[in-house]
Amino acid sequence: MSNNDNDLIADIILYTKQIVNSILLSEITDSYKLEQITNKIAFELASVIEEDRGGQYVYVRLNSPTRKQRIYSEFTGTNYRELSKKYKISEHHIRKIIKQIQKERQEQNQPMQGSLV
């Protein structure tokens with residue numbers, strides 16, 4: 001990601017191209033056509049964001065539930081350091097996320113008090 005907040009739209013275009021390209025790569029074999037489609041989607045998305053949110057302050061939450069779930073799904077049982085580097089947060093924070101999600105899942109699997117098992 002760019003260090004300059006003014007480059008957010010450029011980053012969105014870049015990330016959109018990467019995502020769309022990876023999704024369509026197996027379906028579209030013509031590289032020129034793939035590039036055209038990818039560019040069109042990326043620039044249309046950027047245009048919509050500029051029109052809808054132009055001039056507004058944008059806050060991107062780093063500690064979202066989606067991100068936590070992604071970290072948990074990539075957790076192998078021992079890869080705290082790798083996840084820490086990948087997500088640019090401390091190993092301690094990775095451990096807290098894993099522990100929190102494990103606790104939530106454990107609580108979801110517990111029978112309700114007073115119910116018959």
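Helices, and the loops between them, are assigned here from DSSP runs of at least four residues, numbered from the N terminus. By this assignment, Ser64 falls in the loop between H2 and H3. The model is a predicted one. Ser64 has a relative accessible area of 18% and is therefore buried, since the limit for that class is under 20%. A polar atom of the Ser64 side chain lies 3.1 Å from the backbone nitrogen of Arg67.

The protein as a whole contains five helices and zero strands. Read from the N terminus, the order of elements is α-α-α-α-α. The chain has 117 residues, of which 23% count as buried. Among the contacts with a separation of 6 or more, 42% join residues 24 or more positions apart.

Helix H2 covers residues 31-53, a run of 23 residues. The distance from the first C-alpha of H2 to the last is 32 Å, close to the 33 Å expected at 1.5 Å a residue. At the start of this helix, a side-chain oxygen of Asp30 comes within 3.1 Å of the backbone nitrogen of Tyr32. Just after H2, Gly55 has a positive phi of about 85 degrees.

The buried residues of H2 are Leu34, Thr38, Ala42 and Ala46. An α-helix has 3.6 residues a turn, so residues three or four places apart point the same way. The buried residues of H2 pack against helix H1, which spans residues 8-24. Asn39 is also found in H2. With a relative accessible area of 22%, Asn39 is partly exposed, because the buried class requires a value under 20%. The C-alpha atom of Asn39 is separated by 6.5 Å from that of Lys17, although the two residues are 22 residues apart along the chain.

The largest nonpolar core is made up of eleven residues. These are Ile71, Tyr72, Phe75, Tyr80, Leu83, Tyr87, Ile89, Ile94, Ile97, Ile98 and Ile101. At least two residues of this core come from each of H3, H4 and helix H5 (91-109). The element that gives the most to this core is H5, with four residues. One of the core residues is Ile97. When neighbours within four places in sequence are left aside, Ile97 is in contact with Asn63, Lys68, Ile71 and Ile89. Of these contacts, Ile71 and Ile89 are also listed in the core.

One aromatic pair is present in the structure. The ring centres of Phe75 and Tyr80 are 4.9 Å apart and the ring planes lie at 50 degrees, so the pair is classed as tilted. Both Phe75 and Tyr80 are buried, and both also belong to the largest nonpolar core. The ring of Tyr80 has a further partner in Arg95, whose charged end sits over the ring at 3.7 Å from its centre.

Two loop residues remain to be described. Asn79 is placed in the loop between helix H3 (65-74) and helix H4 (80-87). The relative accessibility of Asn79 is 11%, so this residue counts as buried. A polar atom of the Asn79 side chain is 2.8 Å from the backbone nitrogen of Thr76. Lys88, in turn, is found in the loop between H4 and H5. At 76% relative accessibility, Lys88 counts as exposed, because the value is over 50%. The phi of Lys88 is near 55 degrees, which is a positive value in a residue other than glycine.

Key
Residues numbered from 1 in each chain as written. Predicted model: local features only at pLDDT ≥ 70, side-chain atom pairs only at ≥ 80, totals over all residues. Heavy atoms only, no water. Buried < 20%, exposed > 50% of the residue type's maximum accessible area, 1.4 Å probe, protein only. Polar contact = N/O pair within 3.5 Å; in protein donor to acceptor, adjacent residues only side chain to side chain. Expected span 1.5 Å × (residues − 1). Contact = heavy atoms within 4.5 Å. Core = buried A, V, L, I, M, F, W, Y, C linked by side-chain atoms within 4.5 Å. Phe/Tyr/Trp six-rings, centres within 6.5 Å; stacked < 30°, edge-to-face > 60°. Lys NZ or Arg CZ within 6 Å of the ring centre and 35° of its normal.
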